[in-house]
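Open the model in your viewer and keep the selection panel at hand. The stops below say what to select and what is there.

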Amino acid sequence: MPSPILELRDVQTHFPVESGIIFKTHAGTVKAVDGVSLTLARGEVLGLVGESGCGKSTLARTIMGLLPATGGTVWLEGKNLTADAAVGEARRSLQMVFQDPFASLNPRMTIAETLAEPLHVHKLRAAAAIPARVAELAALVGIPARNLGKYPHEFSGGQRQRIAIARALALEPRVIVADEPVSALDVSIQAQILNLLAKLVRELGLSLVFIAHDLSVVKHLSDRVAVMYLGRIVELGTASDVIDRPQHPYTRALVSAVPRPDPAGERVRQRIVLAGDPPSPLNPPPGCPFHPRCSFATEVCKATVPTLAPHAGREVSCLRIAEI
Amino acid sequence: MPLLDVNNLQTSFMTRGATFRAVDGVSFSLERGETLGLVGESGSGKSVTCTSLLGLLPSPPARVGGGHARFDGVDLLRASPAELRSIRGKRISMIFQDPMTSLNPYMRISEQLIEPLLIHEKISRRAALDRALAMMEAVGINDAANRLHAHPHQFSGGMRQRVMIAMALITKPELLIADEPTTALDVTVQAQILELIKKLQRELGMAVIFISHDLGVVAGLCDRVMVMYAGRIVETASVTDLFRAPRHPYTRALQRSIPALQPKGGELYTLPGLPPDLSKPLPGCAFAERCEFAVSACRTGDAPGLVDCAPAHAHTCRRAHSGEI
């Protein structure tokens, strides 16, 4: 197997919770990401799915170094990003696209300035060569060069997301982390952005960590899918295995909850409706974090924490997977 | 007689220097117990259609006019404020999209839940609280007795949306308007809420107008669907016909652009361009600029109206009607 471009080893992101106004006391720990190990191959798209609060965005920010990992290591092309020293250069290879293109672009900068800024910061091009590179980036994502002098408010949501993608591409990254890049967009615009991401992966050989809550979108774009629940990965495998033939009880419920645009099928389909909301990561249940909502849970699930183990061509973290 | 009969609804927003025709000649009717889906992109006029009917738009800038909107014989567009108040919240209620901002953060859940009862019915506080508790249990809030007097911030998004539903249904309305009630929620919670709306609809026999941009949600819930584009209805059909045999190029384009209906990894169809500027006159078909089948005749004349192409299936595309596409 070729060495992965990005590797996460037992990454943890814990947040301390304090109470009191003057005399702060330690009241607990939110384990937003609690021991995630993942690899990303060159040119691969890894989908990351789960409910709100499961830690997908925290994991994305931890990979990016926007949040400090409280445990474990993140390796990018053999360099340890979680070690303190001299990672600035390495971080250039790792860029992020955010969910809301209305909030992630500076409203006071023109598109040309926005796209040029990373080039100035990293001194990657001579000043004279920057306009040509900016035009090239705009062309790559389908923004006409005549629009480069405009400000973000003059663009629609889909065009802004293109600009945000162009900015992420400015430093010629090897890996892009896209956190819900299409969730804020209408379906017809969403299709444009999905096509663009697929084209960039194909033509530039990028690797992509793609976070979304829409399973059909994730399946469409991803090679492999990781399902997160309460800060841990509960199932990891190829997109068609995980989404068409889910194994973990949580993945089964998640897939079953997705409404399908098929009126006849929808009316006869038996849905697994999960009771209640996901538990709070501040006070996770003992044993398997999913056991309070799991219809297969037994006494053993309340006491033992499961780990990812191979099952049916993918990895699943469930103690009873062989029996259910 | 249908429960709701809307004819040629027109809603414009007057701003300095421009008039935006957000809803431009929408007509439909709804039978008792029926579920009608309203789909379309942001800005297509779905929500404005419903808020216009309920008189919830501030005027100015909004101006609601046109034909009529008869709810059980009462024209909602011409009803006096008092008449409208006696219907709104009692016989027609609405669930809004964002559960985080639709509840009053200062008021206890119990007070917000019983408010419509105290306004619309002769009922004691104690009896109203009993109904509120029963409703909280009906929408699946665990430990309802203890949570009844909580404040909204103590509830999660899914629970707040359940409270919104409980509030909308506590007066046993004949018509429920649900404006993207699950868009802000996770799929697992969405599945719970949709099951709940279906169950309560069966029990109460109410009609539902369900606004959504998610074709999957509409497929599972609705009897009939209307597709809106640029303030007009471009296609209406039973949910089965709409998914099996969409006729209007816009409906077809929407279906081709969602990944769930396409083979994995393939190129998705994308609509070129953007929705039109509703403040400018649009000769002919509003969708012509983005339509792969448009010819010059599509861009002239009056806006095409809905014409039947099969029983209970109508659309506005002249070229599809003449069999050219």
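Select helix H9 (249–257) of chain A and then the elements that cover its buried residues in this predicted model. The cover includes H7, strand E9 (224–229), strand E10 (232–238) and helix H8 (239–244) of chain A. Chain B takes part in the cover too, with its helix H7 (187–204). Which residues of H9(A) are buried? Colour A:Pro249, A:Tyr250, A:Thr251, A:Ala253, A:Leu254 and A:Ala257, which are the buried ones.

Next, select A:Val227 and show what it touches. Leaving out residues up to four places away in sequence, A:Val227 has contacts with A:Tyr250, A:Thr251 and A:Leu254, among others. These three are also among the buried residues of H9(A). The other contacts of A:Val227 are A:Val49, A:Gly50, A:Ile233, A:Val234, A:Glu235, A:Val242 and A:His248.

A:Val227 also leads to the largest nonpolar core, which has 184 residues. A:Val227 is one of the residues with the most contacts inside this core, together with A:Ala166, A:Val209, A:Phe210, B:Ala166, B:Phe210 and B:Val218. In soluble globular proteins, nonpolar side chains tend to be buried together.

Now show the contact between the chains. Chain A gives 32 residues and chain B gives 38 residues. Which elements of chain A give two or more residues to the side that touches chain B? They are helix H6 (187–204), helix H7 (215–221), helix H9 (249–257) and helix H10 (263–268). H6(A) supplies the largest share of that side, six residues. Coloured by class, the side of chain A that touches chain B shows 14 nonpolar, ten polar and eight charged residues.

Stay in chain A and select strand E6 (residues 94–97). A:Leu94 and A:Met96 point one way from the strand, while A:Gln95 and A:Val97 point the other way. Are these four residues buried or exposed? All are buried. In a regular strand the side chains alternate between the two faces of the sheet. Add strand E7 (residues 175–179) of chain A, which pairs with E6(A) in the parallel sense over four bridges. A:Leu94 stands opposite A:Val175 of E7(A).

Move to chain B and select its open sheet of four strands, in the order E2-E1-E4-E5 with antiparallel pairing. Strand E2 (18–30) and strand E5 (74–75) are the edges; each has a single partner strand, so one side of each is left without a neighbour in the sheet. Zoom in on strand E1 (residues 4–15), which pairs with E2(B) in the antiparallel sense over ten bridges. To see one of the partners, select B:Gln10, whose bridge partner in E2(B) is B:Asp24.

Finally, zoom out to whole chains. Chain A has eleven helices and twelve strands. Its C-alpha trace spans about 70 × 60 × 45 Å along the principal axes, and 47% of its 324 residues count as buried. The radius of gyration of chain A is 21 Å, which agrees with the value near 20 Å for a compact globule of 324 residues. Among contacts in chain A between residues at least 6 apart in sequence, 63% join residues at least 24 apart.

Chain B has eleven helices and twelve strands. Its radius of gyration is 21 Å, close to the 20 Å of the globule rule for 325 residues, so chain B is as compact as a globular protein of that length. The C-alpha atoms of chain B fill a box of roughly 65 × 50 × 40 Å along the principal axes.

Key:
Residues numbered from 1 in each chain as written. Chains lettered and ligands numbered in written order. Predicted model: local features only at pLDDT ≥ 70, side-chain atom pairs only at ≥ 80, totals over all residues. Core = buried A, V, L, I, M, F, W, Y, C linked by C-beta atoms within 7 Å. Buried ≥ 20, exposed ≤ 12 C-beta atoms within 10 Å, placed from the backbone. Contact = placed C-beta atoms within 7 Å. Nonpolar A, V, L, I, M, F, W, Y, C, P; charged D, E, K, R; others polar. Rg over C-alpha atoms; globule rule 2.2 N^0.38 Å. Pairing = 2+ DSSP bridges.
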